[in-house]
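Thanks for making the time this morning. I would like to walk you through one model, slowly and with its confidence values in view, so please keep the structure open in front of you while I talk.

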Amino acid sequence: MPSAFMFAKQLRSIALAWLACSLIFGILLALLFIQHRDAEQLHIKNIAEKVHFELNSQLKEIDAFLNQAQSLDVNCPPETIFKLRQQVFKNPAMSEIGIVNQKGQLTCNSYGQLNPPIQKTAPIKADGLRYHGPIISEYMEVSAFVLARTRRDGYEVNVLLPSDWLRHTLDLEQYSALDFIALVDSETGVPIILQGGYSLPLNMPLFPIRSSLYAQGQFDDGEDKFLYAKPIASLPKLAIVASSNSASIFAVASDSLTVLGLLYVFVWAALSFLHHYYELRQLSLKSQLKQAIAKQQLFNVYQPLIDARTQQIVGVEVLIRWQHPTEGELGPAYFIPEAERSGAIIEISIAQVNTAVEELQPLLAQNPDFKVSFNVNGQLLTCNDYLSSLYRAHRQINALTVELTERDVLSQNQVKQTLEQLVHQGIEVAVDDFGTGYSGLQYLQSFPIDLLKIDQSFVASIGLDNLQSPVLNAVIEMANKLDKKLIAEGVETPHQAAYLLSKGVTVHQGWCYYKALRIGALTRIAQSGEQLCTMNVSAA
Ligand SMILES: Nc1nc2c(ncn2[C@@H]2O[C@@H]3COP(=O)(O)O[C@H]4[C@@H](O)[C@H](n5cnc6c(=O)[nH]c(N)nc65)O[C@@H]4COP(=O)(O)O[C@H]3[C@H]2O)c(=O)[nH]1
């Protein structure tokens with residue numbers, strides 16, 4: 001094979017392996033990013049849920065007190081002041097508790113009765129917990145939020161929550177890895193407590209937030225972000241909003257990316273090594289085969305062809321074996337493909353023909369019509385040296401046959417001419433493994449073919465109910481119509497032998513009779529006339 005062609009072939013297989021490798025890793029990478037994106041989004045959601053849980057439990061406690069405050073004496077007797085103080089003492093979130101009358105006057109708080117009262121806005125006539133703020137508490141002089149409920153009698157009881165306490169409790173600073181996390185007004189989106197740079201999705205109105213929601217896309221700071229928002233269950237007027245930008249997904253994945261990159265290099269190196277190893281193995285088989293030829297480790301075996309009517313050996317198919325120095329006896333499947341690829345098949349086949357002539361001499365002398373069949377292919381039929389060896393052999397072997405498959409028959413135009421020459425010289429042409437090719441059958445009429453060897457698979461179908469069984473009868477019928485001789489290959493049972501004989505196929509080859517034999521065994525058997533495949537023709 002020319003080296004430029006070999007190089008191009010290698011390059012193509014390397015490119016294909018690289019493409020396959022890249023495709024697999026591309027898919028893995030995409031999966032990794034999807035997994036990281038989902039993990040990152042879950043992470044943001046979990047943080048927001050945690051903050052929500054902490055704030056909600058505090059607010060629930062305050063709301064429980066405000067609900068109980070329905071029964072407080074609003075005239076601010078000492079018992080009321082005591083209860084308010086007790087509550088402030090118990091709950092550090094509450095810095096002050098106040099009672100506002102229907103006119104909006106703060107008349108009483110946890111510090112005592114206010115005289116004169118301080119004017120505030122009149123209580124809203126609405127159910128439920130509400131908040132407003134931040135305000136500056138007149139007593140504490142600190143920024144605070146007001147949580148309030150209006151009682152059935154129109155009085156409002158409220159609690160002051162210092163902004164610092166809220167900030168400290170929520171401790172949003174610990175989530176500085178997020179783009180931002182904020183406690184916001186659910187209606188307006190105005191942040192009340194914020195950690196990070198607050199930004200909102202473009203073209204995606206979020207507010208008012210009524211239930212938990214996700215948003216993804218471009219934000220007003222120009223970044224691509226993911227956002228999760230959830231209103232506080234006990235005070236839906238407030239919501240927790242958390243967000244991270246997509247760059248963090250890459251940051252999270254960088255470790256895995258390194259691992260994946262290393263894996264890619266490793267797999268690629270392994271593929272290259274395997275490729276290299278395969279090439280080396282091919283090379284070594286090639287050089288081993290060269291040595292085998294030089295050291296004459298290749299030898300012929302002969303599988304008898306039997307006339308099933310007389311049980312006589314009427315000829316042989318010549319097959320090849322390799323007596324490998326370490327592997328033992330090897331069949332043709334192990335080395336014939338490589339011999340064909342490297343061109344060594346020509347040298348091997350010429351030696352095979354010469355050896356067969358020499359070894360079969362005694363049998364040919366006893367029976368000049370003894371058939372001898374060689375396997376050939378398109379390559380051999382275009383080689384003059386091989387053809388010359390066949391013509392030389394034909395001087396000793398009257399009934400010489402070449403077997404080639406349908407594929408080889410049709411491989412090159414030149415083959416047809418060569419076959420015509422062979423037939424002209426009196427050499428018989430057989431189609432091997434007949435029936436397994438996919439070409440049409442017209443070539444049987446246009447090519448000089450004398451003999452069809454029915455493939456083993458059809459013989460094996462005898463007596464079985466499978467797709468190939470009807471084909472056998474069709475093949476036999478067609479061969480008779482076209483006036484072609486038939487040999488059945490792979491006859492393994494007396495039943496198959498009897499059936500074939502009943503269909504008029506008289507020449508058999510197969511393990512029911514003999515396996516391929518070394519020359520010594522063949523000569524012995526040919527003389528003793530052993531019968532192995534005992535038939536009962538009526539069984540057919
Ligand atoms: N299961 C089963 N198998 C049976 C039976 N009877 C015969 N066989 C096997 O079937 C194959 C028949 O040879 P093929 O069809 O020409 O097929 C041959 C032929 O295409 C190729 N080959 C063998 N020797 C040579 C050679 O010297 N030169 C070339 N070019 N090819 C060869 O290798 C193929 C395989 O040869 P082998 O391994 O020797 O295998 C042989 C033979 O051992 C049977 O009853 N049952």
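**A walk through the predicted model**

Let me begin with helix H3, residues 163-170, which lies across strand E4, strand E5 (143-150) and strand E6 (156-162), and which runs at about 60° to E6. Please bear in mind throughout that this is a predicted model.

Those strands belong to an open sheet of six, ordered E3-E2-E1-E6-E5-E4, in which the pairing is antiparallel. Strand E3 (112-119) and strand E4 (130-136) stand at the edges with a single partner strand each, so one side of each is left without a neighbour in the sheet. From one strand to the next, the twist averages 30°. Towards the E3 edge, strand E2, residues 105-109, is joined to E3 by four bridges, and if you want a pair to click on, Gln-105 stands opposite Gln-119 in E3. A second helix belongs in this picture, namely H2 (residues 78-90), which lies across strand E1 (96-100), E2 and E3 and runs at about 145° to E1.

Moving along the chain, we come to strand E9 (residues 213-218) and strand E10 (residues 224-232), which pair in the antiparallel sense over six bridges, with Tyr-214 opposite Tyr-228 in E10. The two strands form a hairpin with five residues between them, and in the turn Gly-222 has a positive phi of about 85°.

Now to the ligand, which I suspect is what many of you came for. How many residues surround the ligand, and which are the closest? There are 22, and the closest are Ile-320, Pro-332, Asn-375, Gly-510 and Trp-511. At least two residues of this shell come from each of strand E13 (312-324), helix H5 (332-342), helix H6 (344-359) and strand E17 (428-434). Sorted by class, the shell has seven nonpolar, 10 polar and five charged residues.

Two of those contributors, H5 and H6, also pack against one another, at an angle of about 115° and with their axes 5 Å apart. In that contact, Ala-339, Glu-340 and Ser-342 in H5 meet Ala-344, Ile-345 and Ile-348 in H6, which by class gives four nonpolar, one polar and one charged residues.

Further along, let me point out Pro-494, which lies in helix H15, residues 494-502. Is Pro-494 buried or exposed? The answer falls in between, because Pro-494 has 17 other C-beta atoms within 10 Å and therefore counts as partly exposed. Pro-494 and Cys-533 are 39 residues apart in sequence, yet their C-alpha atoms are 5.6 Å apart in space.

Stepping back to the whole protein chain, we have 16 helices and 20 strands, and buried residues make up 30% of its 540 residues. Of the contacts in the chain with a separation of 6 or more, 56% are between residues 24 or more positions apart.

Finally, a word on confidence. The mean pLDDT of the protein chain is 88, with 91% of its residues reaching 70 or more. Among the elements, helix H4 (residues 247-294) has the lowest mean pLDDT, 74, whereas strand E15 (residues 371-375) has the highest, 98. Over residues 536-540 the pLDDT stays under 50, and for that stretch the model has 10 contacts beyond four places in sequence. For the complex, the predictor gives an ipTM of 0.93 and a pTM of 0.55.

Methods:
Residues are numbered from 1 along each chain as its sequence is written. This is a predicted model: local features need pLDDT of at least 70, side-chain atom pairs count only at pLDDT 80 or more; totals for chains, interfaces and linings use all residues. A residue is near a molecule or strand if its C-beta atom, placed from the backbone, lies within 6 Å of it. Ala, Val, Leu, Ile, Met, Phe, Trp, Tyr, Cys and Pro count as nonpolar, Asp, Glu, Lys and Arg as charged, and the others, Gly among them, as polar. Two strands pair if DSSP finds at least two bridges between them. Axes are lines fitted to C-alpha atoms, for helices over the stretch in contact, and angles run from 0 to 180 degrees between N-to-C directions. Two residues are in contact if their C-beta atoms, placed from the backbone, lie within 7 Å. A residue is buried if 20 or more other C-beta atoms lie within 10 Å of its own, exposed if 12 or fewer, and partly exposed in between; C-beta atoms are placed from the backbone. pLDDT is the predictor's confidence in each residue, from 0 to 100.
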